[in-house]
Structure formats: structure tokens, C-alpha cells
Amino acid sequence: MDINSFNLKEINLSILKLNKVSFYLSISISLFCVIVFIIMAFMFLDLNGEEIFKFSIFSFLSILIFSYIFLFYRFESLVIIRLNEIYKKLLPTSSSYEIKKPSDIDLFTNNLKKINSDKNLEIEMLKNQENYRKEFIGNIAHELKTPLFTIQGYILTLLDGGVTDKEIIKKYLKRTSKGVERLTYVVKDLDLITKFESGMANLELKTFDIVFTIKNVFEQLEMRAKKNNITLKINDEYFEPIYVYADEERIQQVITNLIINSLKYGVDRGVTEVSIDSLKKGKILIRISDNGEGIEQKHLPRLFERFYRVEKTRNRTLGGSGLGLSIVKHIIDAHNEKIFVESQTNIGSEFSFTLPKGDKTQLIQE
Ligand code: ADP
């Protein structure tokens, strides 16, 4: 059976589906005609009762059938015209689609359902974005409020003139300065995230030795690690440089943020170890593991979100902005590389990320 014959059959069959409006209208028309005929027959025609009855039945049925068929198709074409108008109003850009026959109505219904579900999805997305935006603004306000109130408090106390002890004045000024410092790094972190999210952060890709970068970060964080009584270790003696192709400054920031976290959430006399593995397909995997307090599994999927903290109160005392991991993720994403996290409470955490291997010959050309 070819498609056309199938459609024809469909059109013919569609008449069997009773169209109530057409049917009732046809009955009214037929009844009206028969009544008029009966009146006329009595007044002007010389017919007996039986003849009038037979003729009335015959004309009633024939008028009913013809008027029903006529009305049915008129009604349907009217519906089709209206549906096409609705369709054009809903989708003014899609001029190619038009309902031509009753079987197209099913397609139209499906298209409408699709438009409806697309619109619902769009509304859902806009709602999520709106919630995300509200949450983000709330988080920024909250993050800035704490140091601002600290600064304001100390400045007002000092302005009051009640404190004359030089040592106390110095202590208050130091605390004010710490508040300013905190404000500065929250703003800097936010600025960096915004740059990454708007695609304005450019990467300066080049070949460099990742072992050198890791050792550099170790040197910078040596004092802090000592203060927290945590040992910084590289898993192996790397006598040869290991080249990667990435933005050196940004990758140094990634390693710094991850090591700082391992110090913040590490344990007394803990160990933070960095290791470098060579993977297939020209990739290097850098792993930063600690034996600190760890993170519960339920937090892992949201860990890289802006301002996400495992415990709302726990980390604020440690001075984090809740943006460190978000920055790390943005930097690795911008390199089109992957970052992973594995963690177990009271055992430790491991953050790892991939980087493309660098070409030594390129290093000489640079
Ligand atoms: P913060 O500035 O609060 O440290 P981050 O974005 O760097 O924010 O980290 C998000 C949260 O992830 C932290 O608040 C902390 O609870 C958890 N976290 C990150 N790194 C570690 C780690 N090495 N060990 C345990 N928890 C960690």
C-alpha cells in the first residue's frame, strides 16, 4: 500500500468519526426541509398520507446524508484554516509547514506538544538561572558582609578615641588590615571567575617543566605548611624535566589552590603528596593527595561550584572564600582538560587533573 492510498483511506474513514456539530446541524436542516415539504404538500399537492410519509422519510434521509457530508468537509476545512492561523501565530518563522489534509492534524498536534515541552524546558531553565543568579548575589553579599562589618567595627572603635593603648590600636589596625585583605582576595577571585565565565580570560600556552612549577609552589607554601605541621612531598625524585603544554601561571595557581586546601583541611603531622603520571594519548596526570579530614561522598558532585562549602561554618574560620575549587575547575576547563576528585572522610582526599604533554623541541624555539 503506497502512502497516498493510505492517506485517502484515512480521509474517507475520518468521515465515519461522527462530527457532532455537523450531524446536529444536518438533522435540523433535514427536519426543517421535511416540515416545509409536508406543509407545502398539504397545501398545494394532491398526495395521500402514505405518499407524503414515504416522501418525507426519503427526503429526510437524503438531505441528512448530503448536508452532513457537505457540512463535515466545510467544517473540517474551516478547522484546518483556523489551525493554520494558530500555527502561524505560534511559529511565525516556520512558513514551510501547513496543514493541508485531516491527517496533518496529528502531525500538528505532535508539533504543538513539542513546542509546549520545549517552552516548558525553556521556562525551567530560566527559573534555574534566576535561582542561580539570586543565590550567587546572596553569596557575594554574605561573603563581603563579614569582613566589611569587621573593618567597620574596628574603625568606629578607633575613631571613638576611647582606645589609647598603642598595642591595642596596633592589634585593631592589624585586624582591619586582615579584613581588607580578605575583601581583596574575594573580589580578585570573583573577578577571575567572571573573566573565565564570560570567555575573557585568555590562556598563554607554552611548553614548561611541571616539576619545576610544583617545586616552586612548595617553596612558596613551605612556611604555611610548617605552621600547619604538614609535610609537602613529591612522590618521586624527578631528575629529568617533565614538559607540559599549558598556561604556566594558571597551572601554578591550580596547584597552589589545591595544596593550600590540603593544608587547610589536613591533619596535624599530615602529609600532602604530589605525583606526576604519564598517561596514554599524550597526557600527563598530576595528583595532589592528602591524609586530611576528607569530604563526604554526597558533597563531591557540587564541590567545584562557586561558594560551595562542605560545612557552612567550618571553613569560614579557615579564611577560604569558597571560590578556590571553582577557579581550579575553570582553569582546567579552559585548557579542555579534566579534573577528578576522590575522597573519604578521615582518610583523605585526592585531586587530580590532566594536562597535555609538551614538546621539548618547542621549548627550544620559544
Ligand atoms: P574554601 O575557600 O572554602 O576552601 P574551596 O572552593 O577551595 O573553598 O573548597 C570548597 C570546599 O571543599 C571547602 O570548603 C572544603 O570543605 C572542601 N575541600 C576542598 N579541598 C579539601 C581537602 N583537600 N580536604 C578536605 N576538604 C576539602
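Which residue takes a positive phi in the hairpin of S4 and S5? Some notes on that and on the rest of the chain follow.

1. The residue is Lys281, with a positive phi near 55 degrees. Three residues sit between the two strands of this hairpin. Bear in mind while looking at this backbone detail that the model is a predicted one.

2. Here's the overall inventory. The chain contains nine helices and seven strands. Of its 366 residues, 19% count as buried. Take the contacts between residues at least 6 apart in sequence: 73% of them join residues at least 24 apart.

3. Now for the sheet. Five strands make it up, it is open, and reading across you get S2-S4-S5-S7-S6, with mixed pairing. The edges are strand S2 (230-234) and strand S6 (339-344), each of which pairs on one side only. From one strand to the next, the twist averages 15 degrees. As background, strands of a sheet pair through backbone hydrogen bonds, in either a parallel or an antiparallel sense.

4. Walk in from the S2 edge and you can see where the mix comes from. S2 and S4 pair in the parallel sense, over five bridges, and Lys233 stands opposite Glu273 in S4. S4 and S5 pair in the antiparallel sense, over eight bridges. In that pair, look for Ser278, which stands opposite Ile284 in S5. This is the pair of strands joined by the hairpin with Lys281.

5. At the other edge, S6 pairs with strand S7 (residues 348-356) in the antiparallel sense over six bridges. A handy landmark is Ile339, which stands opposite Phe353 in S7.

6. What lies across the S2 side of the sheet? Helix H6 (residues 210-227) lies across S2, strand S4 (270-279) and strand S5 (283-290). H6 runs at about 170 degrees to S2.

7. Helix H5 (residues 166-197) and helix H8 (residues 324-334) deserve a look as a pair. Their axes come within 10 Å and cross at roughly 30 degrees. Angles under 35 degrees count as roughly parallel, and H5 and H8 are therefore roughly parallel to each other. The crossing in which H5 passes H8 is left-handed. As for who touches whom, Asp189, Leu192, Ile193 and Phe196 in H5 meet Ser326, Ile327, His330 and Ala334 in H8.

8. Helix H2 (residues 20-44) is a good one to check for straightness by eye. Its 25 residues reach 35 Å from first C-alpha to last, close to the 36 Å expected at 1.5 Å a residue. The buried residues of H2 are Ser22, Ser26, Ser30 and Val34, and these pack against helix H3 (49-90). When reading that list, remember that an α-helix has 3.6 residues a turn, so residues three or four places apart point the same way.

9. Last, Thr207: is this residue buried or exposed? Thr207 lies in strand S1 (residues 205-209). The cut-off for buried is 20 or more other C-beta atoms within 10 Å. Thr207 has 21 of them within that distance, so Thr207 is buried. There is also a long-range neighbour to look up: the C-alpha atoms of Thr207 and Thr361 are separated by 9.2 Å, although the two residues are 154 apart along the chain.

Definitions and conventions. Residues are numbered from 1 along each chain as its sequence is written. This is a predicted model: local features need pLDDT of at least 70, side-chain atom pairs count only at pLDDT 80 or more; totals for chains, interfaces and linings use all residues. Two strands pair if DSSP finds at least two bridges between them. Helices (H or I, at least four residues) and strands (E, at least two) are DSSP runs, numbered from the N terminus. Axes are lines fitted to C-alpha atoms, for helices over the stretch in contact, and angles run from 0 to 180 degrees between N-to-C directions. Two residues are in contact if their C-beta atoms, placed from the backbone, lie within 7 Å. The expected span of a helix is 1.5 Å times one less than its number of residues. A residue is buried if 20 or more other C-beta atoms lie within 10 Å of its own, exposed if 12 or fewer, and partly exposed in between; C-beta atoms are placed from the backbone. Angles under 35 degrees count as roughly parallel, over 145 as roughly antiparallel, 65 to 115 as roughly perpendicular and the rest as oblique. A crossing is left-handed if the near helix is turned anticlockwise from the far one by less than a right angle, and right-handed if clockwise.
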